[in-house]
Amino acid sequence: MHFSWYWLWYTTKTCVGGLARKAWARLRLHRVNLIALQRRRDPEQVLLQCLPRHKVDATLRRLLERYHGPEPSDTVEMFEGEKFFAAFERGLDVDADRPDCVEGRVCFVFYSHLKNVKEVYVTTSLDRQAQAVRGQVSFYRGPVPEEVPEEAEAARQRRGADALWMATLPIKLPRLRGSEGLGRGAGLSLAPLNLGDAETGFLTQSNLLNVAGRLGPDWPAVALHLGLSYQELQRIRHEFRDDLDGQIRHMLFSWAERQAGQPGAVGRLVQALEQSDRRDVAQEVRAILELGCRKYQDGIRHTSLAPRDAAPPGASASQPPEPAQA
């Protein structure tokens, strides 16, 4: 019998290669559960998360103090680096302007070592004063990563179009009662304040209202340059939805209240306006500060708290007073 080295090489390559591909697929394939929870104090804020099965129980124990919701989804298989989407349905929609939200669907990319969590606000066009809105969020698969072996991708494709759907979890927005149905921006209260210090000048509540009236749709850029986080911007947009003026006033006054007693706050506001290409508003703020400083100095002179002006030329300080006339 003639021994063939080529046959041995080919057989070994085929067997080892097949085993390696299967092992690689198993290493990159994870069994996961999908979670959708609502914040207890604000049911319109929804947390979405995809977790490997062995991490679900510990994560839920930590979250259920602040969130509530349905049980996690059934276990599904997902590849490392696989893209999937969460879509709100049955009267619900995503109330967010964010780069990972495309056509109302929130995009995820699964990595087993990351948290794979996102929080969004949801809204509805249905009448919540009449009844609660019983909606749902469904999770759908995206394209399979290029690194996944062809055999694994082909196995998924054989399952048909239904393989794109992974799970659906219920989301309930409670019925609004009484004054809760009114816009949240209607009750906005603006606390009196004096923003600034004696060296740079002060901005009053009226001054800030004038600034807010000039910002318009540029207010998110100003807010980011003032140091507000993207999550805080999203919360303000949701809380004062359909009320642009309320969004601007709330952003500006909540920032100003946090700056109380801190030096340089007015300078930071002017700098944020300039960085947001609103130099016209920044110039108005500077003019207000200069006018305030002049009024402050005039007030000091009038109350004799400042040194008196020098005597006019030609007058002698040692000249005795004229005798009184009889």
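**Surface patch, nonpolar cores and salt bridges**

Val109, Tyr111 and Leu114 form a nonpolar patch on the surface, and together these residues have about 230 Å² of accessible area. Accessible areas come from the Shrake-Rupley method with a 1.4 Å probe, with only the protein chains shown counting as cover for residues, and patches are made of residues with over 30% relative accessible area and no salt bridge, like charges being joined within 9 Å and nonpolar side chains (Val, Leu, Ile, Met, Phe, Trp, Tyr) within 5 Å. The structure is a predicted model, in which local features need pLDDT of at least 70 and side-chain atom pairs count only at pLDDT 80 or more, whereas totals for chains, interfaces and linings use all residues. Residues are numbered from 1 along each chain as its sequence is written, and side-chain values use heavy atoms, with hydrogens and water left out.

Within the patch, Leu114 lies in the loop between strand S8 (105-109) and strand S9 (117-124); here strands (E, at least two residues) and helices (H or I, at least four) are DSSP runs, numbered from the N terminus. Leu114 counts as partly exposed, at 42% relative accessibility, where buried means under 20% relative accessible area, exposed over 50%, and partly exposed in between (1.4 Å probe, protein chains only).

In the interior, the largest nonpolar core has 29 residues, of which Leu226 and Met251 touch the most other members; such a core is a set of buried Ala, Val, Leu, Ile, Met, Phe, Trp, Tyr and Cys residues joined through side-chain atoms within 4.5 Å. At least two residues of this core are supplied by each of H4, helix H5 (219-225), helix H6 (230-239), helix H7 (244-258), helix H8 (265-275) and H9. When residues up to four places away in sequence are not counted, Met251 touches Leu215, Trp219, Ala223, Leu226, Leu228 and Ile236, contact meaning heavy atoms within 4.5 Å. Another core, of 27 residues, lies apart from the largest one, and includes Met78, Val106, Phe139 and Leu169 among its members.

Ile171 is placed in strand S11 (residues 165-173) and counts as buried, at 2% relative accessibility. Among the residues that Ile171 touches, leaving out those up to four places away in sequence, are Ala36, Val46, Phe88, Leu92 and Val133. Ile171 and Leu92 are 79 residues apart in sequence, while their C-alpha atoms are 8.6 Å apart in space.

A search of the whole structure finds 14 salt bridges, each being a side-chain nitrogen of Lys or Arg within 4 Å of a carboxyl oxygen of Asp or Glu. In one of them, Glu77 pairs with Arg31, with the closest N and O atoms 3.6 Å apart. Glu77 lies in strand S4 (residues 76-79) and Arg31 in strand S1 (residues 29-39), so this pair ties together parts that are 46 residues apart in sequence. Glu77 is partly exposed at 22% relative accessibility, and Arg31 is also partly exposed, at 42%.

A salt bridge also joins Asp280 to Arg214, with 3.1 Å between the closest N and O atoms. This pair links distant parts of the chain, Asp280 being in helix H9 (residues 279-302) and Arg214 in helix H4 (residues 205-215), 66 residues apart. Asp280 is partly exposed at 35% relative accessibility, and Arg214 is partly exposed at 32%. Both residues belong to a network of salt bridges that links Arg214, Asp218, Arg278, Asp280 and Glu284.
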